[in-house]
Amino acid sequence: SSGINAEYGVNNETYFCDPQDKDILDRVPSCFRVMAACFFGIQLIGNLLLKAPPNMEYTSFTTQAGETSEVDSYQSRSSIGQAEAEESNTQEEEESLRPGQMIKHLDFWVMWFGFLLNNQGISYVGTYWKVVGAGFIKDDFFLAAIGSAGSIFNAFSRILWGAFGDTFGYKIGMGCLQFTFATLLIFMHWMQYKWGYAIYVCGLFFCVGGSFSLLPTATLKRFGLVYSTANYGLVFTSGACGALLNVLLLNLTRSANLQQQQVQWIIAACLLTSFTFTMFFQFKGFSKGTKYRPLRNE
């Protein structure tokens, strides 16, 4: 929808202002209805496939050689006894921080401000990739194909960034994401070739998806399992604040008549600042090979 608004454009050229563009604008409502139907169908299928996973418990047994082993056994908590279930719940409760306790930790604010700054790059790419490309690519169908490819990279990058974070930890994973994202934005202005720009946009969207796979796991590992949903929701409020900051920042750059290259450098500076946050703070429990060991209640 970023290209529909006739107020914005590239080199003082706006979109869909001429009378011959009326046919395009007339197709916009029907396009939104088709998209809404597709989204509804996908969400419906996804919700129908949801089910509560069984709890995985460990059952010990003794072999003929007298050795004790453990096997994974899927069984309900009721089958392991009320006392053991209560003891397990108590341990999880002690190892988890409530939202009110979480916000007292510096690590929470490092993650919060880190995502706030990451969101500057996410919002800019999501809004302006087509605006920038339209300045030298006149084939609108090719631009639409670039957007579709970028969406695919956005989706699959979350799997790859998640696996990367599981292997090397949050600090290295998020740091690599932020540095790569900033580097791509710094050199974005010089990518003025049709197919090169397509690859470039896919790379940018590859970085967009990483924050949404690394942050939830980091929140759980750092602050515990029991309140992880509420805790992550609190961390994710920085996304809403980041969107407002992005609107303010872009309006200020427009008022100052800055070129797109300068805007991209400002966004890259935000990402490098976020990179500094990530690199210079020690996150306990985020290092390579560290399992779930959150802080105790304080």
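This note sets out numbered remarks on the predicted model shown above.

1. Overall architecture. The protein is made up of ten helices and four strands. Read from the N terminus, the order of its elements is β-β-α-β-β-α-α-α-α-α-α-α-α-α. The four strands thus share the opening part of that order with a single helix, and the rest of the order is helical.

2. Burial, contacts and surface. The protein has 298 residues, and 36% of them count as buried. Among contacts with a separation of 6 or more, 72% are made by residues 24 or more positions apart. The accessible surface amounts to about 17700 Å². Carbon and sulfur atoms account for 63% of that surface.

3. Cysteines. The number of disulfides in the structure is zero. For Cys31, which is in no disulfide, the nearest cysteine sulfur belongs to Cys38 and is 9.5 Å away. Because a disulfide requires two cysteine sulfur atoms within 2.5 Å, the 9.5 Å between the sulfurs of Cys31 and Cys38 does not qualify. As to accessibility, Cys31 is partly exposed, at a relative accessible area of 39%. Cys207, in contrast, is buried, and its relative accessible area is 2%.

4. The cavity. How many cavities of 30 Å³ or more does a search of the whole structure find? The search returns one. The largest cavity holds about 40 Å³ of space. Eleven residues line the largest cavity, and those nearest its centre are Val110, Met111, Gly114, Tyr170 and Thr278. Three elements give two or more residues each to this lining: helix H4 (106-133), helix H6 (170-186) and helix H10 (260-279). The greatest contribution comes from H4, with five residues. Sorted by class, the lining comprises seven nonpolar residues, four polar residues and no charged ones.

5. Ile122. This residue belongs to helix H4, the helix that gives the most to the lining of the largest cavity. Is Ile122 buried or exposed? Its relative accessibility is 13%, so Ile122 counts as buried, the limit being under 20%. Apart from neighbours within four places in sequence, Ile122 is in contact with Phe115, Phe181, Val208, Ser211 and Phe212. Val208 stands 86 residues from Ile122 along the chain, yet their C-alpha atoms are separated by 5.5 Å.

6. Leu215. Helix H8 contains Leu215, which is buried at 1% relative accessibility. Which residues does Leu215 touch, not counting those up to four places away in sequence? They are Met111, Phe115, Tyr170, Met174, Tyr232 and Val235. Of these, Met111 and Tyr170 are also listed among the lining residues nearest the centre of the largest cavity. Phe115 appears as a contact of Leu215 and as a contact of Ile122. Between Leu215 and Phe236, 21 residues apart in sequence, the C-alpha to C-alpha distance is 8.7 Å.

7. Gly210. The loop between helix H7 (194-208) and helix H8 (211-223) holds Gly210. Although Gly210 is in a loop, the residue is buried, with a relative accessible area of 0%. Residues up to four places away in sequence set aside, Gly210 touches Ser157, Trp161 and Leu177. Gln178 lies 32 residues from Gly210 in sequence, and the two are 9.2 Å apart in space, C-alpha to C-alpha.

8. Asn257. Where is Asn257 found? Its place is the loop between helix H9 (228-255) and H10. Asn257 has a phi near 55 degrees, which is a positive value in a residue other than glycine. Most residues other than glycine have a negative phi. Asn257 is exposed, with a relative accessible area of 64%. The two loop residues discussed here therefore fall on opposite sides of the limits for buried, under 20%, and exposed, over 50%: Gly210 is buried at 0%, whereas Asn257 is exposed at 64%.

How values were computed:
Residues are numbered from 1 along each chain as its sequence is written. This is a predicted model: local features need pLDDT of at least 70, side-chain atom pairs count only at pLDDT 80 or more; totals for chains, interfaces and linings use all residues. Side-chain values use heavy atoms; hydrogens and water are left out. Buried means under 20% relative accessible area, exposed over 50%, partly exposed in between (1.4 Å probe, protein chains only). On a 1 Å grid over the protein atoms alone, a cavity is a set of points where a 1.4 Å probe fits but cannot get out, and a pocket is an open set with protein on both sides within 12 Å along at least five of seven lines; lining residues have an atom within 4 Å of a point. Grid points are joined across faces, edges and corners, and a volume is the space filled by probe spheres set on the points. Ala, Val, Leu, Ile, Met, Phe, Trp, Tyr, Cys and Pro count as nonpolar, Asp, Glu, Lys and Arg as charged, and the others, Gly among them, as polar. Contact means heavy atoms within 4.5 Å. Accessible areas come from the Shrake-Rupley method with a 1.4 Å probe; for residues, only the protein chains shown count as cover.
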